[in-house]
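Trainee: I've got a new model open on my screen and could use a guided tour. Can we go through it together?

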Amino acid sequence: MKVLFLALLALRGSLCFSFALGSRGVRRSARAALRLSDEPCIDIRKAPGDPSLILTTNVKLDDKAGFVAAASAAVAQALSKPEAYVAICVTDNCDGMSFGGTMDPCAVGCVYSIGQINQENNAALTAAVSVLLEKHGGVANNRIYINFFDVPRANCGWSGRTFAG
């Protein structure tokens with residue numbers, strides 16, 4: 001029986017899947033695993049998971065790419081997750097947004113992560129994102145809400161499956 005290995009490149013590493021080819025077609029091996037850098041393949045259920053920041057603001061960010069890069073690093077640092085897993089989605093210049101009854105500069109964000117959602121990390125990330133929004137868009141820190149959600153592994157999908165396996 002031949003064994004076929006498919007390598008799917010991720011941002012920092014690759015996924016390793018072994019498939020067995022036989023008269024019954026292709027079936028996924030129980031050894032499907034995640035490969036990070038030079039580390040040996042590990043079980044997807046033990047992978048660090050998805051930290052994501054989804055942010056909307058009613059101001060035009062002066063350097064959106066710079067903001068996204070800095071926000072990605074801030075999420076990775078605050079949540080102690082590899083930046084290769086961090087996803088950032090920023091919508092700026094949203095003209096239908098208010099905070100406290102006014103349309104003055106403001107922002108609303110959501111952070112989702114498998115673990116690492118706690119008071120200390122949330123406070124650190126809130127401070128970091130607030131500094132970035134002030135620097136890149138002039139949004140005062142008292143006009144920003146960031147909601148944090150600890151996501152169970154079974155409720156986070158990636159690479160065609162969930163982090164629960």
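Mentor: Sure, and let's settle one term first: helices (H or I, at least four residues) and strands (E, at least two) are DSSP runs, numbered from the N terminus. Keep in mind that this is a predicted model.

Trainee: Okay, then where does Ser130 sit?

Mentor: Go to the run covering residues 119–137. Ser130 falls inside that run, and its place is helix H2.

Trainee: Is Ser130 buried or exposed?

Mentor: The cut-off for buried is under 20% relative accessible area. Ser130 has 10% relative accessibility, so it counts as buried.

Trainee: Which residues is Ser130 in contact with, leaving aside its neighbours within four places in sequence?

Mentor: Contact here means heavy atoms within 4.5 Å. With those sequence neighbours set aside, the partners of Ser130 are Val139, Asn141 and Ile144.

Trainee: Stepping back, in what order do the elements of the protein run?

Mentor: There are 2 helices and 10 strands to place. Reading from the N terminus on, the order is β-β-β-β-β-α-β-β-α-β-β-β.

Trainee: And how much of the protein is buried?

Mentor: On the outside, the protein exposes about 9300 Å², with carbon and sulfur atoms supplying 54% of that. As for the buried residues, out of 165 residues they make up 38%.

Trainee: Among contacts between residues at least 6 apart in sequence, what share joins residues at least 24 apart?

Mentor: Ile44 and Gly165 show what a long hop along the chain looks like: they are 121 residues apart, yet their C-alpha atoms are separated by 6.0 Å. Ile44 lies in the loop between strand E4 (33–36) and strand E5 (52–57), and at 4% relative accessibility Ile44 counts as buried. For the contacts you asked about, the share is 66%.

Trainee: Now charges. Which side chains meet in a salt bridge?

Mentor: The rule asks for a side-chain nitrogen of Lys or Arg within 4 Å of a carboxyl oxygen of Asp or Glu, and the count comes to 1 salt bridge. The N to O distance in it is 3.2 Å, and the partners are Asp92 and Lys64.

Trainee: How many residues apart in sequence are the parts that this pair ties together?

Mentor: Asp92 is in the loop between strand E6 (87–91) and strand E7 (107–113), while Lys64 belongs to helix H1 (residues 64–79). Asp92 counts as buried at 14% relative accessibility, whereas Lys64 is partly exposed at 34%. The pair therefore ties together parts whose separation in sequence is 28 residues.

Trainee: What about rings: which residues form one aromatic cluster?

Mentor: The count comes to 5 aromatic pairs. Among them, Tyr85 and Trp158 form a tilted pair, 5.8 Å centre to centre with 55° between the planes. Tyr85 also makes a tilted pair with Phe163, at 6.4 Å and 55°. The cluster is Tyr85, Trp158 and Phe163.

Trainee: Where in the chain is Trp158, the partner of Tyr85?

Mentor: Tyr85 is in the loop between H1 and E6, and its partner is 73 residues away. Tyr85 is buried, with a relative accessible area of 10%, but Trp158 is partly exposed at 28%. The place of Trp158 is strand E9 (residues 157–158).

Trainee: Last one: what relative accessibility does Phe163 have?

Mentor: Phe163 lies in the segment after strand E10 (161–162), 78 residues from Tyr85. Phe163 counts as buried, and its relative accessibility is 1%.

Key:
Residues are numbered from 1 along each chain as its sequence is written. This is a predicted model: local features need pLDDT of at least 70, side-chain atom pairs count only at pLDDT 80 or more; totals for chains, interfaces and linings use all residues. Side-chain values use heavy atoms; hydrogens and water are left out. Buried means under 20% relative accessible area, exposed over 50%, partly exposed in between (1.4 Å probe, protein chains only). Rings of Phe, Tyr and Trp (its six-membered ring) pair if their centres lie within 6.5 Å; planes under 30 degrees apart count as stacked, over 60 as edge-to-face and the rest as tilted. Accessible areas come from the Shrake-Rupley method with a 1.4 Å probe; for residues, only the protein chains shown count as cover.
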